[in-house]
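Trainee: I have a model open and I'd like to learn how to read it. Can you walk me through it feature by feature?

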Amino acid sequence: MALAEQELNEIAQVLEQPDAGSTAFGELRRRFPKLVLTRCDASDVTEAPFRSYAAFDLHLLDASEHCAGVTDDPAKATGLILAKRS
């Protein structure tokens, strides 16, 4: 599933909310049931984020091949990694 600009904008709206730290994961799971969603601590991800927000760094996940990896290409994204910032 590639991420279109409209979907990236919708993801940004969720992650820009003041209470995103406590509600974003559930809200994104509800809105994008076909995406793989992973959450972790920001220190667990060494790649540069696709985008950064107050509570999270957003990484795009490409799990289309045998091994999953971080991508910066929305056309290859099959999921999201929400890396919680402290």
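Mentor: Sure. Start with what counts as a strand: a DSSP run of E, at least two residues long, numbered from the N terminus. With that in hand, S52 lies in strand 2. Keep in mind that this is a predicted model.

Trainee: Is S52 buried or exposed, or in between?

Mentor: The cut-offs help here: under 20% relative accessible area is buried, and over 50% is exposed. S52 has 43%, so this serine is partly exposed.

Trainee: And what does S52 touch?

Mentor: Leaving out residues up to four places away in sequence, S52 touches D57 and R85. You can also compare sequence and space: S52 and L80 are 28 residues apart in sequence, and their C-alpha atoms are 13 Å apart.

Trainee: Let me try V45 next. Where is V45 found?

Mentor: V45 is in the loop between strand 1 (36-41) and strand 2. Don't assume a loop residue has to be exposed, though: V45 has a relative accessible area of 16%, so it is buried. Not counting residues up to four places away in sequence, V45 touches C40, H59, I81 and A83. As for F32, 13 residues from V45 along the chain, the two C-alpha atoms are separated by 22 Å.

Trainee: Okay, zooming out. How many helices and strands are there in the chain?

Mentor: Two helices and five strands. Along the sequence they follow the pattern α-α-β-β-β-β-β. The radius of gyration is 12 Å, close to the 12 Å that the globule rule gives for 86 residues, so the chain is as compact as a globular protein of that length. Along the principal axes, the C-alpha atoms fill a box of roughly 35 × 25 × 20 Å.

Trainee: How much of the chain is made up of buried residues?

Mentor: Buried residues make up 38% of the 86. For contacts, look at those between residues at least 6 apart in sequence: 53% of them join residues at least 24 apart.

Trainee: How do I read a helix that has a buried side?

Mentor: The general idea is that an α-helix has 3.6 residues a turn, so residues three or four places apart point the same way. Now try helix 1 (residues 5-15), where the buried residues are E7, L8, I11, A12, V14 and L15. Seen down the axis, these residues fall within an arc of 160 degrees, so they line one face of the helix. What covers them includes helix 2 (20-31), strand 2 (51-52), strand 3 (56-62) and strand 5 (79-84).

Trainee: What about cysteines? How many disulfides does the structure hold?

Mentor: In general, a disulfide is a covalent bond between the sulfur atoms of two cysteines. Here there are zero. C40 is in no disulfide, and the nearest cysteine sulfur, that of C67, is 18 Å away. That's too far for a bond. C40 is partly exposed at 22% relative accessible area, whereas C67 is exposed at 59%.

Trainee: Last one: aromatic rings. How many aromatic pairs turn up in the whole structure?

Mentor: Zero. But check what sits over the rings too. The charged end of R39 is over the ring of F25, 3.9 Å from its centre. K84 lies over the face of F56, at 5.6 Å from the ring centre.

Definitions and conventions:
Residues are numbered from 1 along each chain as its sequence is written. This is a predicted model: local features need pLDDT of at least 70, side-chain atom pairs count only at pLDDT 80 or more; totals for chains, interfaces and linings use all residues. Side-chain values use heavy atoms; hydrogens and water are left out. A disulfide is a pair of cysteine sulfur atoms within 2.5 Å. Buried means under 20% relative accessible area, exposed over 50%, partly exposed in between (1.4 Å probe, protein chains only). Rings of Phe, Tyr and Trp (its six-membered ring) pair if their centres lie within 6.5 Å; planes under 30 degrees apart count as stacked, over 60 as edge-to-face and the rest as tilted. A charge sits over a ring if NZ of Lys or CZ of Arg is within 6 Å of the ring centre and within 35 degrees of the ring normal. Helices (H or I, at least four residues) and strands (E, at least two) are DSSP runs, numbered from the N terminus. The arc is that of the directions from the helix axis to the C-beta atoms. Contact means heavy atoms within 4.5 Å. The radius of gyration is taken over C-alpha atoms; the globule rule is 2.2 Å times the number of residues to the power 0.38.
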